Amino acid sequence: MEYKEQIDEVVSTANFGDMIEFSYPIGYSHWGVYDEDGYVIHFAVAEEGQLMSKVRSYLQAMFPVCGDLLLGVTKIRRMPIGEVTVPEGSHVSIGNNRHAFKPTEQEDMRRRRDALLGQELTYKLLTLNCEHFATFVRYGKAVCNQIPAKAKNVECEQATTAFNEIVSSNDTTRDLFG
(Lines give C-alpha, C1' and ligand atoms only; values in the text may rest on other atoms or scores of the structure.)
Protein backbone atom coordinates (compact mmCIF):
# COMPACT_ATOMS: atom_id res chain seq x y z
CA MET A 1 0.00 0.00 0.00
CA GLU A 2 1.33 3.44 -0.92
CA TYR A 3 2.19 5.86 1.90
CA LYS A 4 -0.68 8.23 0.97
CA GLU A 5 -3.13 5.30 1.15
CA GLN A 6 -1.72 4.38 4.58
CA ILE A 7 -2.37 7.94 5.77
CA ASP A 8 -5.94 7.82 4.42
CA GLU A 9 -6.53 4.50 6.20
CA VAL A 10 -5.20 5.85 9.52
CA VAL A 11 -7.30 9.01 9.25
CA SER A 12 -10.45 7.03 8.43
CA THR A 13 -10.05 4.57 11.33
CA ALA A 14 -8.12 6.34 14.13
CA ASN A 15 -9.74 7.69 17.27
CA PHE A 16 -8.52 10.46 19.54
CA GLY A 17 -5.58 9.24 21.63
CA ASP A 18 -4.55 6.39 19.33
CA MET A 19 -0.81 5.84 19.04
CA ILE A 20 0.39 6.67 15.53
CA GLU A 21 3.54 4.84 14.49
CA PHE A 22 5.73 6.06 11.62
CA SER A 23 7.92 2.99 10.97
CA TYR A 24 11.24 3.91 9.39
CA PRO A 25 12.99 1.52 7.01
CA ILE A 26 16.07 1.30 9.26
CA GLY A 27 14.11 -0.41 12.04
CA TYR A 28 12.93 2.22 14.48
CA SER A 29 9.80 4.36 14.63
CA HIS A 30 8.66 7.90 15.20
CA TRP A 31 5.56 8.13 17.45
CA GLY A 32 2.70 10.57 17.84
CA VAL A 33 -0.84 10.66 19.20
CA TYR A 34 -3.90 11.01 16.97
CA ASP A 35 -5.75 14.27 17.60
CA GLU A 36 -8.78 13.90 15.33
CA ASP A 37 -9.47 15.45 11.92
CA GLY A 38 -6.32 13.93 10.39
CA TYR A 39 -3.92 15.56 12.86
CA VAL A 40 -1.19 14.09 15.02
CA ILE A 41 0.58 15.56 18.06
CA HIS A 42 4.28 14.69 18.13
CA PHE A 43 7.86 15.76 18.80
CA ALA A 44 8.73 18.00 15.85
CA VAL A 45 11.34 20.52 14.81
CA ALA A 46 11.60 23.54 17.12
CA GLU A 47 11.40 27.11 15.84
CA GLU A 48 14.50 28.14 13.96
CA GLY A 49 16.03 31.08 12.17
CA GLN A 50 17.60 31.11 8.72
CA LEU A 51 21.05 29.92 9.89
CA MET A 52 19.60 27.02 11.87
CA SER A 53 17.42 26.10 8.90
CA LYS A 54 20.56 25.80 6.74
CA VAL A 55 22.31 23.68 9.39
CA ARG A 56 19.22 21.43 9.64
CA SER A 57 19.05 21.06 5.83
CA TYR A 58 22.71 20.06 5.76
CA LEU A 59 22.27 17.50 8.55
CA GLN A 60 19.18 16.04 6.89
CA ALA A 61 21.10 15.68 3.63
CA MET A 62 23.96 13.91 5.43
CA PHE A 63 21.76 11.87 7.81
CA PRO A 64 18.28 11.65 6.21
CA VAL A 65 16.71 9.54 8.96
CA CYS A 66 18.05 11.25 12.08
CA GLY A 67 19.37 14.70 11.12
CA ASP A 68 16.80 16.46 13.32
CA LEU A 69 17.80 14.42 16.37
CA LEU A 70 21.37 15.66 16.13
CA LEU A 71 20.19 19.21 16.87
CA GLY A 72 18.46 18.10 20.06
CA VAL A 73 15.67 20.70 20.39
CA THR A 74 12.12 19.68 19.63
CA LYS A 75 8.70 21.21 20.01
CA ILE A 76 5.42 19.40 20.61
CA ARG A 77 3.34 20.26 17.56
CA ARG A 78 -0.07 19.47 16.09
CA MET A 79 0.06 18.89 12.36
CA PRO A 80 -1.64 16.90 9.60
CA ILE A 81 -0.35 13.32 9.55
CA GLY A 82 0.68 13.72 5.90
CA GLU A 83 2.98 16.64 6.78
CA VAL A 84 5.11 14.71 9.28
CA THR A 85 8.57 14.40 7.72
CA VAL A 86 9.57 10.76 7.28
CA PRO A 87 12.26 9.07 5.20
CA GLU A 88 11.49 7.32 1.93
CA GLY A 89 10.07 3.84 2.49
CA SER A 90 8.38 4.61 5.81
CA HIS A 91 5.01 3.21 6.82
CA VAL A 92 2.33 4.78 9.02
CA SER A 93 -0.19 2.87 11.11
CA ILE A 94 -2.13 2.83 14.36
CA GLY A 95 0.20 1.22 16.91
CA ASN A 96 -2.00 0.76 19.98
CA ASN A 97 -0.92 -2.87 20.38
CA ARG A 98 2.79 -2.08 20.87
CA HIS A 99 2.52 -1.33 24.61
CA ALA A 100 1.02 -3.47 27.38
CA PHE A 101 -1.06 -0.77 29.04
CA LYS A 102 -4.68 0.29 29.20
CA PRO A 103 -5.38 3.79 27.83
CA THR A 104 -6.44 6.42 30.33
CA GLU A 105 -9.69 8.36 30.01
CA GLN A 106 -9.85 10.73 27.04
CA GLU A 107 -10.30 13.67 29.42
CA ASP A 108 -6.92 12.86 31.00
CA MET A 109 -5.29 12.42 27.58
CA ARG A 110 -6.66 15.81 26.49
CA ARG A 111 -5.38 17.49 29.67
CA ARG A 112 -1.89 16.10 29.10
CA ARG A 113 -2.01 16.97 25.38
CA ASP A 114 -3.13 20.55 26.07
CA ALA A 115 -0.40 21.11 28.66
CA LEU A 116 2.38 19.74 26.45
CA LEU A 117 1.33 21.22 23.11
CA GLY A 118 3.77 23.96 22.10
CA GLN A 119 6.40 23.01 24.69
CA GLU A 120 10.03 23.04 23.57
CA LEU A 121 12.01 20.13 24.96
CA THR A 122 15.53 18.81 24.58
CA TYR A 123 15.40 15.49 22.75
CA LYS A 124 17.20 12.73 24.62
CA LEU A 125 17.22 9.42 22.78
CA LEU A 126 17.17 7.25 25.91
CA THR A 127 15.20 9.38 28.36
CA LEU A 128 12.97 11.93 26.57
CA ASN A 129 11.91 10.97 23.07
CA CYS A 130 8.85 10.83 20.84
CA GLU A 131 7.70 7.44 22.11
CA HIS A 132 8.01 8.61 25.73
CA PHE A 133 5.80 11.58 24.81
CA ALA A 134 3.14 9.56 22.97
CA THR A 135 2.87 6.89 25.66
CA PHE A 136 2.69 9.56 28.36
CA VAL A 137 -0.26 11.25 26.64
CA ARG A 138 -2.10 7.94 26.07
CA TYR A 139 -1.21 5.98 29.22
CA GLY A 140 -0.01 8.58 31.74
CA LYS A 141 3.43 6.99 31.85
CA ALA A 142 6.42 7.45 29.55
CA VAL A 143 7.66 4.23 27.96
CA CYS A 144 9.98 3.45 25.06
CA ASN A 145 10.04 -0.12 23.77
CA GLN A 146 12.55 0.44 20.97
CA ILE A 147 15.70 1.00 23.03
CA PRO A 148 17.96 -2.05 22.46
CA ALA A 149 18.82 -4.17 25.51
CA LYS A 150 16.18 -2.39 27.62
CA ALA A 151 13.23 -4.25 29.12
CA LYS A 152 9.93 -3.63 27.33
CA ASN A 153 6.94 -1.83 28.87
CA VAL A 154 9.04 -0.34 31.67
CA GLU A 155 8.27 3.23 32.65
CA CYS A 156 11.01 5.83 32.17
CA GLU A 157 10.45 7.70 35.42
CA GLN A 158 12.70 10.58 34.31
CA ALA A 159 10.49 11.30 31.28
CA THR A 160 7.24 10.77 33.20
CA THR A 161 8.42 13.23 35.86
CA ALA A 162 9.44 15.83 33.27
CA PHE A 163 6.08 15.62 31.50
CA ASN A 164 4.11 15.57 34.77
CA GLU A 165 5.86 18.74 35.95
CA ILE A 166 4.68 20.56 32.82
CA VAL A 167 1.13 19.21 33.17
CA SER A 168 0.98 20.08 36.89
CA SER A 169 2.30 23.59 36.20
CA ASN A 170 -0.37 24.05 33.53
CA ASP A 171 -3.08 22.75 35.91
CA THR A 172 -1.94 25.21 38.62
CA THR A 173 -1.92 28.14 36.17
CA ARG A 174 -5.39 27.21 34.91
CA ASP A 175 -6.69 27.01 38.50
CA LEU A 176 -5.20 30.40 39.37
CA PHE A 177 -6.29 32.27 36.26
CA GLY A 178 -9.32 30.23 35.26
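**Glu36 and the β2–β3 loop**

I started at the loop between β2 and β3, where Glu36 sits. I'm working from a predicted model here. What caught my eye is that Glu36 has a positive phi of about 70°, and it is not a glycine. Most residues other than glycine have a negative phi. I also looked up how open Glu36 is: at a relative accessible area of 32%, it counts as partly exposed.

**Ala149, another positive phi**

I then went to the loop between α5 and α6, which holds Ala149. Ala149 is not a glycine either, yet its phi is positive, about 65°. Is Ala149 buried or exposed? Exposed, I noted, with a relative accessible area of 91%.

**Overall layout**

Next I stepped back to the whole chain. I counted six helices and six strands. Reading from the N terminus, I wrote the order down as α-β-β-β-α-α-β-β-α-β-α-α. The chain has 178 residues, and 41% of them count as buried. I also checked how far along the sequence the contacts reach. Taking contacts between residues at least 6 apart in sequence, 68% join residues at least 24 apart.

**The largest nonpolar core**

Which residues touch the most other members of the largest nonpolar core? I got Phe43, Leu116, Leu121, Phe133 and Phe163, out of 25 residues in that core. I then sorted the core by element: β2 (29–34), β3 (39–45), α4 (106–116), α5 (130–139) and α6 (157–177) each give two or more residues. The largest share is from α5, with six residues.

I followed Phe163 a bit further. Leaving out residues up to four places away in sequence, Phe163 touches Phe43, Leu116, Leu121, Leu128, His132, Phe133, Phe136 and Ala142. I also logged another core lying apart from the largest one; it has 12 residues, including Ile7, Tyr24, Met79 and Val84.

**Leu121**

Leu121 came up in the core list, so I gave Leu121 its own entry; it is buried, with a relative accessible area of 13%. I found Leu121 in strand β6, residues 120–122. I also looked at its C-alpha distance to Val73. The two C-alpha atoms are separated by 5.9 Å, while the residues are 48 apart along the chain.

**α4 against α5**

How do the axes of α4 and α5 cross? I have them coming within 7 Å at roughly 140°. The cut-off for roughly antiparallel is over 145 degrees, so I filed α4 and α5 as oblique to each other. On the α4 side of the contact I listed Met109, Arg112, Arg113 and Leu116, which meet Phe133, Phe136, Val137, Arg138 and Tyr139 in α5. By class, I tallied six nonpolar and three charged residues in this contact, and no polar ones.

**Cysteines**

Last, I went looking for disulfides and found zero. For Cys144, the nearest cysteine sulfur is that of Cys130, 7.2 Å away, and Cys144 is in no disulfide. A disulfide needs the two sulfur atoms within 2.5 Å. Cys144 is buried, at a relative accessible area of 3%. Cys156 is in no disulfide either; the nearest cysteine sulfur, on Cys144, is 8.5 Å away. I noted Cys156 as buried too, at 10% relative accessibility.

Note on methods. Residues are numbered from 1 along each chain as its sequence is written. This is a predicted model: local features need pLDDT of at least 70, side-chain atom pairs count only at pLDDT 80 or more; totals for chains, interfaces and linings use all residues. Side-chain values use heavy atoms; hydrogens and water are left out. Buried means under 20% relative accessible area, exposed over 50%, partly exposed in between (1.4 Å probe, protein chains only). A nonpolar core is a set of buried Ala, Val, Leu, Ile, Met, Phe, Trp, Tyr and Cys residues joined through side-chain atoms within 4.5 Å. Helices (H or I, at least four residues) and strands (E, at least two) are DSSP runs, numbered from the N terminus. Contact means heavy atoms within 4.5 Å. Axes are lines fitted to C-alpha atoms, for helices over the stretch in contact, and angles run from 0 to 180 degrees between N-to-C directions. Angles under 35 degrees count as roughly parallel, over 145 as roughly antiparallel, 65 to 115 as roughly perpendicular and the rest as oblique. Ala, Val, Leu, Ile, Met, Phe, Trp, Tyr, Cys and Pro count as nonpolar, Asp, Glu, Lys and Arg as charged, and the others, Gly among them, as polar.
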